[in-house]
Amino acid sequence: MEPLAERMRPKTLDEYVGQQQIVGPGAPLRKMIESGHISSFILWGPPGTGKTTLANIIAQKLDLSFYTLSAVSSGVKDVRDVLDKARQSRFFNNASPILFIDEIHRFNKSQQDSLLQAVETGVVTLIGATTENPSFEIIRPLLSRCQVYVLESLGKDDLIRLANRALSEDIYLKERNIVLKEDTSLLRYSGGDARKLLNIIELLANNMEPSASGLEITNDFVTKCLQGNPSAYDKNGEMHYDIISAFIKSIRGSDPDAALYWLARMIEGGEDPMFIARRLIISASEDIGLANPNAMLLANAAADAVLKIGWPEGRIPLAQATVYLAASAKSNSAYLGIDSALQKVKETGDLPVPLHLRNAPTGLMKELGYGTEYKYAHNYPGHFVDQQYLPDALTGTRFWEAQKNEQEDRLKARMDTIWKRET
């Protein structure tokens, strides 16, 4: 018997659940399909959002030859064999067949290169499916020949509609009197993935007592059957970058609750603890900076603690550092300062070091005046003496601008006093 997800696979666009932004009435992809003429495109979205299903529906609706490859198991030879068949099909039918490539991001550069001419000359109409960002995973020449359509995780209403349809229409389930009484756990475990939702429903149905006259799907029953929450987190995929981005932006935005949530998502997904620790150190310097120098100390201490105590206890110092950084005052003055200085270096090139700041390890250098007029700051009151430290061409240039916070107010006040700056 086929799995429930396969039995419930839609055959038409009207049966297709979700993705109304691209296949709903008047949406761009639907218009292209209804016109009877499609160009090559890539479907980008999380697992279980209907990429393969949509490709099959298009092929059936347009009555075109349909070839499929999986990038997981196909090599360059497989691609060439399929393209040879496609050329013959096009010659006899006078229409470009569809070549569907699942997981196209797994093709290497040479495999993707082998598709270019066939796509450009219309030997095939390419439909690629990927869970990874095409901008990073698809070579630019191929990407320029394809439109990219973004598919989204299914929302609550779509998932419930799909679940109720399966319970009422599937040839096997409709005879078993299964009722969806509570949906919170079912939706949480499915994570916006239609295939996972249907697989869970099938698992629940298989857990019915043989003598039972029916089944009520409740939150407790779902949790009991699944006994865990498999995370959708992909340490090497786009979600990895999206979640770490949300984590850092929550810290920067002074929201410790959101920061802890994203930290938990990474921990639950099996993220490398030292990757998290390194990002905390960066954030401590980039986002908190001089507003609270202790943030850098704590972030470094958290990273050191993770190495010493291991996992899972390492989550505690990471959480401590996360909350401290998120709750701290914020400043990016040092970050902006170094970027400003780097830009000036690019603009002005290698300006000479002022003579009095140069090192003089040889007699000749001393004769040439290297270091002669240098004033040793510790020999002066307050360990400060007014002298030039920048190249002549940049005298008076300011790179660091203090921001408004208690720590930098004190630093600025000192700089204004010793350098006799007007405030």
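**View 1. Leu54, a buried residue of helix H4.** In this predicted model, Leu54 has a relative accessibility of 0%, and because buried means under 20% relative accessible area, Leu54 counts as buried. The residue is part of helix H4, which covers residues 51-62. When its neighbours within four places in sequence are left aside, Leu54 is in contact with Leu13, Tyr16, Ile22, Val23, Leu29 and Leu43. One of these partners, Val23, is 31 residues away from Leu54 along the chain, and the C-alpha atoms of the two are separated by 9.2 Å.

**View 2. Ile38, a buried residue in a loop.** Ile38 is found in the loop that runs between helix H3 (28-35) and strand S1 (41-44), and with a relative accessible area of 15% it is buried. Its contacts, not counting neighbours within four places in sequence, are with Met32, Ile33, Ile58, Leu62, Ile98, Thr125 and Ile127. For a sense of distance within the model, the C-alpha atom of Ile38 can be set beside that of Met266, which lies 228 residues apart from it along the chain, with a separation of 40 Å.

**View 3. The largest nonpolar core and its residue Ile201.** The largest nonpolar core of the model has 30 residues, and those with the most contacts inside it are Ile178, Ile201 and Ile217. Several elements each supply at least two residues of this core, namely helix H1 (4-7), helix H9 (156-169), strand S6 (178-180), helix H10 (184-190), helix H11 (194-206), strand S7 (215-217) and helix H12 (219-226). The element that gives the most to this core is H11, with seven residues. Ile201 touches Leu4, Ala163, Leu167, Leu173 and Leu186, if residues up to four places away in sequence are not counted. Apart from this core lies another one, of 24 residues, and among them are Ile276, Leu280, Ile288 and Ala303.

**View 4. The packing of helix H15 against helix H16.** Helix H15 (residues 273-288) and H16 pack with their axes 8 Å apart and at an angle of about 175°. Since angles over 145 degrees count as roughly antiparallel, H15 is therefore roughly antiparallel to H16. On the H15 side, the residues that meet H16 are Pro273, Met274, Ala277, Leu280, Ile281, Ala284, Ser285 and Ile288, while H16 contributes Ala295, Met296, Ala299, Asn300, Ala303, Val306 and Leu307 to the contact. Sorted by character, the residues of this contact divide into 13 nonpolar and two polar, with no charged residue.

**View 5. The packing of helix H16 against helix H17.** Helix H16 (residues 294-309) and helix H17 (residues 315-327) pack at an angle of about 170°, and their axes are 8 Å apart; the two helices are therefore roughly antiparallel to each other. The crossing of H16 and H17 is left-handed. In H16, the residues Asn294, Ala295, Leu298, Ala299, Ala302, Ala305, Val306 and Ile309 take part, and in H17 they meet Pro317, Leu318, Gln320, Ala321, Tyr324 and Leu325. The residues of this contact divide into twelve nonpolar and two polar, and none is charged. The loop between H16 and H17 is the place of Pro312, and the peptide bond that leads from Trp311 to Pro312 is cis, with omega near 15°.

**View 6. Asn177 and His383, two loop residues with a positive phi.** Asn177 is not a glycine, although it has a positive phi of about 55°. The residue lies in the loop between H9 and S6, and at 48% relative accessibility it counts as partly exposed. His383, which is not a glycine either, also has a positive phi of about 55°. The place of His383 is in the loop between helix H19 (363-367) and helix H20 (406-418). With a relative accessible area of 52%, His383 is exposed, because exposed means over 50% relative accessible area.

**View 7. Arg140, an exposed residue of helix H8.** Arg140 lies in helix H8, which is made up of residues 140-143, and at 72% relative accessibility it counts as exposed. Arg140 and Leu307 are 167 residues apart in sequence, and from C-alpha to C-alpha they are 40 Å apart in space. Leu307 belongs to the residues of H16 that meet H15.

Conventions
Residues numbered from 1 in each chain as written. Predicted model: local features only at pLDDT ≥ 70, side-chain atom pairs only at ≥ 80, totals over all residues. Heavy atoms only, no water. Axes fitted to C-alpha atoms, helices over the stretch in contact; angles between N-to-C directions. Helix = DSSP H or I, 4+ residues; strand = E, 2+ residues; numbered from the N terminus. Parallel < 35°, antiparallel > 145°, perpendicular 65-115°, else oblique. Left-handed = near helix turned anticlockwise from the far one by under 90°. Contact = heavy atoms within 4.5 Å. Nonpolar A, V, L, I, M, F, W, Y, C, P; charged D, E, K, R; others polar. Core = buried A, V, L, I, M, F, W, Y, C linked by side-chain atoms within 4.5 Å. Buried < 20%, exposed > 50% of the residue type's maximum accessible area, 1.4 Å probe, protein only.
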